[in-house]
Amino acid sequence: MVARLAWLKLRLLWNGLRKDWQRRIGFPSLILLLGYVSWILVAQFRGAMESLGTDARLQFTLWGALVFWLVWVALPVVIFPLDENLDPAQFAFAPVGPGQLVAGLAASALIAPSVVIPVIVLGASIVEFSHVFPAAVLSALLLLGVIIFSGQVFTTLISAIFKMRQGRDIALLMVLGIGLSGFLAQSSIRGTTGRLGLEGAVLANPLDGVWAFLPPVAAQRVVTSAEMGSPLGVIGWALVAMAWIAALGWAWQRLLNWMLTTPDSTPSRSRARSDRGLAARGRWTAGRVLARKELRFYVRDPRQRLVWTGAVIFIALAASSVLVGSGGFGLLASREWLPLLAPALVLFVGLPIALNVFGWERNAASFLFVLPVKPRTLLWGKNLAATWALMIETVALALLLAWISGGWANLIYVPGLMVAAIGCQLAVGNIVSVVSPLRLPREGTDVFAQASEQGCLAIGAQAVSFFVIGLLLVIPSSVAVLTVAFDAGLSPWFANGFAIVWGVIFYAASLVVASSILRRRMPEVVSWVQTV
Amino acid sequence: MAVTMTTAEHDETNTTTAPAVWARGLVRKFGKSTAVAGIDLTIQPGEFYGLLGQNGAGKTTTIKMIVGLLRPTAGRAGIGEFDTWKDPVEVKRRIGVLPEEFNLYERLTGAELLDFTAAMHGLKRDEAISRRNELLDLLDLENEAGKLVGDYSRGMRKKVALAAAIIHRPDVLFLDEPFEGVDALSARLIQRLLVRYTEGGATVVFSGHEMNLVERLCTRVGIMIAGRLESEGTQAELCARYGADTIEDAFIAAVGGDDDRGAISWLHDSPG
């Protein structure tokens, strides 16, 4: 059964590559990108190791294993998954034992582009400890088992919490918490190594005692014990790591069992919403009602809600950094022009929605596109909702940054830059949305995916679009910054007016072009974004 | 042998009014396979037209091309005087489409979904509210109006999808499996509503597999086989053409499916 599930994953991957040209480009590109990044990180890690003494070197590898494990487990949940996993619900009626199912899913998880990362990292570890080759291989295999099982258990746990409507907010808080604690941990590590140096920091914080029993540390201790000439240590830590893998497998199996036998969400009277519909208040035009529908989805669709709460992560990070005085934000606190960053920072938040206007419709695109709405109205309604959300976030962020930096005087430039930033973002987003809509993963197969199916292309599209938006914003930003830098040599009203006109012109031009493209490509957009 | 009445014949008999639904040489290919292989279709106003065919015969593909959700490889289609691919908005103003239930906005409530559809069709606010309430009441959904569509049962989704398809009183209504999962009482109610709707001059294009409903409701039937409109006519004409007593027998005779298949030795033997 293990081999059959692995074969199934391989077959699905192959069929996907054959059928989808975006995947044919994205898949090898993703492997190359991940391979390159892993190689660079491994080279830097090994470079750092060379400067350390024996004790510190061994401790450093333990820390490396721990950080690798944490990143592997948390990153797919916080950002987006690189892989599509097999859907366990598909096997609900198959005569597969729970142990077989878990083992099969674990094996199938190894058939994915992201596996290039552990292959390079663990391969480097084996090379590093090649003089104790058997222990190095055993340690690498155990670490691979630990990260695969841990990653699957954590993703399934989030999915399970996410499955309960009541739990969705908890899942969101967990994700926000992961982001925040990741940043704080990074700040703390930087602070400690800055104070004590790498060797001192590692030796001052050894992963001994109870920390040694953490799954990745135990797996890595197999090889460090061999390095220290302790065969008993090798056996002992290998047993600990194996026990962890068994425990993780058991937990995963229990979670899967719960998920397969629990309905998605329990409708309850308390969750019943107002039956007044969309007609109760507000202007009654197609564009406005479409915007109102979008705003409801921003709140009710957990994935969209997460996109919009991305700003909260930043605000939390900024506030905590200023409070603890760590990281680069501490330096920025003295800069009175900090509020001017708010419009640019909000671009990071709105991009997944702005660049994939129709992708978020998923199957409902076929409902929307049989309605007699002009393409321009469709885009306008959706943009209107995004504008409201972005404006609220920008204003909140600008106020916070003004409070942090004391740059209240420069708030006057924020409205102009805000309109320019939103206008340019939506301008680029509309074109990208109609030319290259991205299919979102089917709900339930991933947790917080933004665009995983086309993998690297999604990342590429976002990067290129962000670059283009940045270019478009150079001139209005320069006018505002020059005005501030030259002590209001230019009128703030001019800077604001210029930025607003700039944003509006680009947005209007894009709306005309994108509507014209959408008029011709509606069926193609529907077929691209539908998930079944 | 195709026995479809030609477009010219239809045009001769109905020279005064534009057909409610029409297609001329409609073709759709997916790679090397041909899903729809040149369909000519003319449906007059007030008709309750049943489009029958086996799974994969091309019924849904044909409907998708007529309503503008799928671009034809060749040919034209339209509603009344409008071409779907030249005047898509005008065509969409005149049609209602019952989508598959999983294509609805699951995170809108039933009331919100109907308001949204009404607004997109340009109904005035008061009229939208009034029609929405009437439809919810008629379809027994008034107590569920504040629940998310995603929380509805399959039958309730069909009902709210139907309400969304007719809230603007379209000239032509396309129904794909409209009674799947709907309870008997509601199904009877919907049937009565649809019959009255066509009596008022509106047109229904019905695609489904429930032959008893086709017999009860359809004034004309088209049978699709492998992407072609193989046969078309009133129920009496089709029964006479295939020497059948019922439309189900006529359909089976048309698709040539009444053979001796259905016998699998291992399946019929007792276990063990």
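Two residues count as in contact here when their C-beta atoms, placed from the backbone, lie within 7 Å. By that yardstick, the contact between the chains draws 29 residues from chain A and 34 residues from chain B. On the chain A side, the elements that put in two or more residues are α10 (286–300), α14 (365–368) and α18 (492–529). Of these, α10(A) supplies the largest share of the side that touches chain B, at six residues. It should be said up front that this is a predicted model.

Chain A itself is a helical affair, with 18 helices and zero strands. Of its 532 residues, 43% are buried. Take the contacts in chain A with a separation of 6 or more: 82% of them join residues 24 or more positions apart.

Helix α1 of chain A makes a handy close-up. Running over residues 2–19, α1(A) has 18 residues and spans 26 Å from first C-alpha to last, close to the 26 Å expected at 1.5 Å a residue. Its buried residues are L5(A), A6(A) and K9(A). Looking down the axis of α1(A), these buried residues fall within an arc of 105 degrees, so they line one face of the helix. Part of what covers them is α4 (98–109) of chain A. The face turned away from that buried side is where the exposed residues sit, namely A3(A), L10(A), R11(A), W14(A), N15(A), R18(A) and K19(A).

Next come the nonpolar cores. In soluble globular proteins, nonpolar side chains tend to be buried together. The largest nonpolar core in this model has 152 residues, and A163(B), F174(B) and V205(B) have the most contacts inside it. The element giving the most to this core is helix α16 (residues 414–435) of chain A, with 13 residues. A second core, separate from that one, has 53 residues, among them L58(A), F154(A), I158(A) and L214(A). Back in the largest core, V205(B) has quite a list of partners: leaving out residues up to four places away in sequence, V205(B) touches V21(B), I43(B), Y49(B), L51(B), I63(B), V172(B), F174(B) and L175(B).

One of those partners, V21(B), leads on to the sheet in chain B. V21(B) stands opposite I79(B) in β4(B). Strand β1 (residues 21–30) and strand β4 (residues 74–79) of chain B are joined by five bridges in the antiparallel sense. The sheet as a whole is open and has four strands, ordered β2-β1-β4-β5 (chain B), with antiparallel pairing. Its edge strands, each pairing on one side only, are β2 (33–43) and β5 (82–83) of chain B. Helix α2 (residues 59–67) of chain B packs on this sheet and touches β1, β2 and β4 of chain B, with its direction at about 115 degrees to that of β1(B).

Finally, there is a loop residue in chain B to look at. L123(B) sits in the loop between α4 (110–120) and α5 (125–138) of chain B. A residue is called buried at 20 or more other C-beta atoms within 10 Å of its own; L123(B) counts as buried because it has 21 C-beta neighbours inside 10 Å. Setting aside neighbours within four places in sequence, L123(B) is in contact with A118(B), A128(B) and H168(B). As for K147(B), 24 residues from L123(B) in sequence, the C-alpha to C-alpha separation of the two is 23 Å.

Notes
Residues are numbered from 1 along each chain as its sequence is written. Chains are lettered from A and ligands numbered from 1 in the order in which they are written. This is a predicted model: local features need pLDDT of at least 70, side-chain atom pairs count only at pLDDT 80 or more; totals for chains, interfaces and linings use all residues. The expected span of a helix is 1.5 Å times one less than its number of residues. A residue is buried if 20 or more other C-beta atoms lie within 10 Å of its own, exposed if 12 or fewer, and partly exposed in between; C-beta atoms are placed from the backbone. The arc is that of the directions from the helix axis to the C-beta atoms. A nonpolar core is a set of buried Ala, Val, Leu, Ile, Met, Phe, Trp, Tyr and Cys residues joined through C-beta atoms within 7 Å. Two strands pair if DSSP finds at least two bridges between them. Axes are lines fitted to C-alpha atoms, for helices over the stretch in contact, and angles run from 0 to 180 degrees between N-to-C directions.
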